[in-house]
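Visitor: I'd like a close look at just one part of this protein. Could you pick a spot and walk me through it slowly?

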Amino acid sequence: MRLSVLDLVPVRSDQTSADALAATTRLAQTADRLGYTRYWVAEHHNMPSVAATSPPVLIAHLAAHTSAMRLGSGGVMLPNHAPLAVAEQFALLEAANPGRIDLGIGRAPGSDPVTSMALRGAAGRDDRDIEAFPEYLDDVVALMSSKGVRVSLPRDLMRENYVLKATPAAATEPKLWLLGSSMYSARLAAAKGLPYVFAHHFSGQGTEEALRIYRDDFRPSDLAQEPVTFLTVNAAVAETQDEAMRSILPNLQMMAKLRTGQPLGPLDLVEDAEKQRISPQAQAVVDAGLRQAIVGSPAEAADQLHALAERFGVDEVMIHPVASAYRGTDPATAPSREVTLELLAKELF
């Protein structure tokens, strides 16, 4: 089984943004050393517990501090950006790091409506950008290619056909993946013949149906001749199950706050999470999240991963290491997250 990593660059209550980025750098280097296949960073905005706001900037930073594994976005939220800007950023990343760059694209805004409006700027982009998502996706693919896109111009201009490219002389292209957590994304990926990743870590709902639709409806393309897919899953692994359960609690409680509309803050330390009293509604979210996650000792976690991969018919799983830290931890580190990767690699590689 191939293992990969998804990182939202969590910000704990004892960390600054600089600390969180330093911890992520160490985590990426750990994954690179251990032989993980790819390392993706997300795009979220205006969230006190997430420092991953700009995937291309983070990818460039991590590429300078790693050497072997693929790096990518999990993902770029395309309605927030002009397709040409995304194509240029990732074409440049690929030129600097040939054969190592993945461009994962999603349709969700990755934030609240006010932040989305600020991101889209004075041009007044709105929900029509979500409706135009399939066309924007095609634009990104074409713009990153060596041929570029021919733009038809009025006859009274200098040229009737204008060639638009993301980079002047592309030798290789980033590998494009469509990300999703719904049947819409599964159908779109199948129709366009794109590799597809299902966000199982987000809710754990609809995974089986989405992957079935994707595989059944898949149409071969230049980007993929047959269905190519994997899924993401939250994980916390420690020497004992009890320790793993303690380390994942802050993340589960944060998700409960998000789902029940409570104010969000930085990710709690383990000791602070254990003191929290939460409502029955929030506890139900915590319990559901725990059932969907990979949690336990190395042997237990390995068994859970094998069962997950067999259930959904994938040979790669992307781990989202969500273990928090204990009081007194160096803020520039995330030892429980590193241990999760180390123990899984030792058990499975």
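Guide: Let's look at the place where two helices meet, and then at each partner. Keep in mind that this is a predicted model. The two helices are α12, residues 298-312, and α13, residues 335-348. Their axes come within 9 Å and cross at roughly 70°. Angles from 65 to 115 degrees count as roughly perpendicular, so that label fits α12 and α13.

Who does the touching? On the α12 side, the contact is made by P298, A299, A301, A302, L305 and H306. On the α13 side, look for L343, L344, E347 and L348. Sort the residues of this contact by character and you get eight nonpolar, one polar and one charged.

Now stay with α13 for a bit. This helix has 14 residues, and at 1.5 Å a residue they should span 20 Å. The end C-alpha atoms of α13 are 20 Å apart, which agrees. Plenty to find inside, too: the buried residues of α13 are S336, R337, E338, T340, L341, L343, L344, A345 and L348. What do those buried residues pack against? Their partners are β1 (2-7), α1 (17-34), β10 (229-237), β12 (316-321) and our friend α12.

Finally, hop back across to α12 and find A299, one of the residues that touch α13. Is A299 buried or exposed? Neither, really: buried means under 20% relative accessible area and exposed means over 50%, so A299, at 40%, counts as partly exposed. A299 also has E239 to show you: they sit 60 residues apart along the chain, with their C-alpha atoms separated by 9.4 Å.

Technical notes: Residues numbered from 1 in each chain as written. Predicted model: local features only at pLDDT ≥ 70, side-chain atom pairs only at ≥ 80, totals over all residues. Heavy atoms only, no water. Axes fitted to C-alpha atoms, helices over the stretch in contact; angles between N-to-C directions. Helix = DSSP H or I, 4+ residues; strand = E, 2+ residues; numbered from the N terminus. Parallel < 35°, antiparallel > 145°, perpendicular 65-115°, else oblique. Contact = heavy atoms within 4.5 Å. Nonpolar A, V, L, I, M, F, W, Y, C, P; charged D, E, K, R; others polar. Expected span 1.5 Å × (residues − 1). Buried < 20%, exposed > 50% of the residue type's maximum accessible area, 1.4 Å probe, protein only.
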